[in-house]
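Hi,

Here's the structure I said I'd pass on. Have a look at it first, and then read my notes on the salt bridges and pockets underneath.

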Amino acid sequence: MGETGAHYAIGKAGKLIAARLTTHTDITNGLKAVCEENGIKHGAVLFGIGSVRKLTYQVAVPKPETKSGAGYNNPQELPGPIEVVSMHGIVFQSDDGQTLLHLHGTFSDKEGAVFGGHITAGGNPVLNTLDAYIVENVGAETIRQMDKDVGMAVGIPQGHFAKVK
């Protein structure tokens, strides 16, 4: 096992973008397009609210065969309309320079039941609107890299490591 602590990078807020995704636009792909068009490689989706025609999401489940003993389940799909009560995430880069988004959210169905999880790219078409704010992180990079302690690629801020004693 590696050291306990936190990888971190120091930057400052850059561009702040208000975005509205139109009907039928996939949440992840739409926000990624906004980031790419505005040169945002590292940052955060501060929040998002709206509705989707269907929801495709994943949750963490026990997976004894993995190094950490857990992982995401297969994507679950729920028919809409689904309310996006809250959504947030990070904008980062793959090790080969592709823009990636890691988004999570809280949702409610037509009965008001609330659930949440990891938003699966390509499976969440907007119903009426999806309103979001994106902020650029200038001077701090997060790169998707393999974390050998958990056995999967994760976003790792570059530059510093604070050890926990």
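One thing to keep in mind: this is a predicted model. I started with the salt bridges, and the count comes to two. Opposite charges on side chains can pair up when the charged atoms come close.

The first one to find is lysine 163 with glutamate 3, where the closest N and O atoms are 3.2 Å apart. This pair links distant parts of the chain, 160 residues apart. Lysine 163 is in strand E12 (residues 160-163), while glutamate 3 is in the segment before strand E1 (5-8). Are these two buried or exposed? Lysine 163 has a relative accessible area of 55%, so this residue is exposed. Glutamate 3 comes out at 52% relative accessibility, so it counts as exposed too.

The other salt bridge joins lysine 54 and glutamate 77, with their closest N and O atoms 3.2 Å apart. Lysine 54 lies in strand E3 (residues 43-58) and glutamate 77 in strand E6 (residues 76-93), so the pair ties together parts that are 23 residues apart in sequence. Glutamate 77 is exposed at 52% relative accessibility. Lysine 54, at 26%, counts as partly exposed, because exposed means over 50% and buried means under 20%.

Now the pockets. The largest pocket has a volume of about 390 Å³. It is lined by 18 residues, and the closest to its centre are Phe92, Leu101, His102, His118 and Arg144. If you want to trace the lining, the elements that give two or more residues to it are helix H1 (27-37), strand E7 (99-108), strand E8 (114-119) and strand E11 (152-157). Which of them gives the largest share? That's E7, with five residues. By class, the lining of this largest pocket divides into ten nonpolar, six polar and two charged residues.

The second largest pocket holds about 200 Å³ of space. Its lining is made up of Gly2, Glu3, His7, Met146, Asp147, Lys148, Asp149, Ile156 and Phe161. Sorted by class, that gives three nonpolar, two polar and four charged residues. You'll recognise Glu3 in that list: it's the glutamate that forms a salt bridge with lysine 163.

A good way in is to pick out glutamate 3 on the model, find its partner lysine 163, and then look for the other residues that line the second largest pocket, including His7 and Phe161.

Cheers

Technical notes
Residues are numbered from 1 along each chain as its sequence is written. This is a predicted model: local features need pLDDT of at least 70, side-chain atom pairs count only at pLDDT 80 or more; totals for chains, interfaces and linings use all residues. Side-chain values use heavy atoms; hydrogens and water are left out. A salt bridge is a side-chain nitrogen of Lys or Arg within 4 Å of a carboxyl oxygen of Asp or Glu. Helices (H or I, at least four residues) and strands (E, at least two) are DSSP runs, numbered from the N terminus. Buried means under 20% relative accessible area, exposed over 50%, partly exposed in between (1.4 Å probe, protein chains only). On a 1 Å grid over the protein atoms alone, a cavity is a set of points where a 1.4 Å probe fits but cannot get out, and a pocket is an open set with protein on both sides within 12 Å along at least five of seven lines; lining residues have an atom within 4 Å of a point. Grid points are joined across faces, edges and corners, and a volume is the space filled by probe spheres set on the points. Ala, Val, Leu, Ile, Met, Phe, Trp, Tyr, Cys and Pro count as nonpolar, Asp, Glu, Lys and Arg as charged, and the others, Gly among them, as polar.
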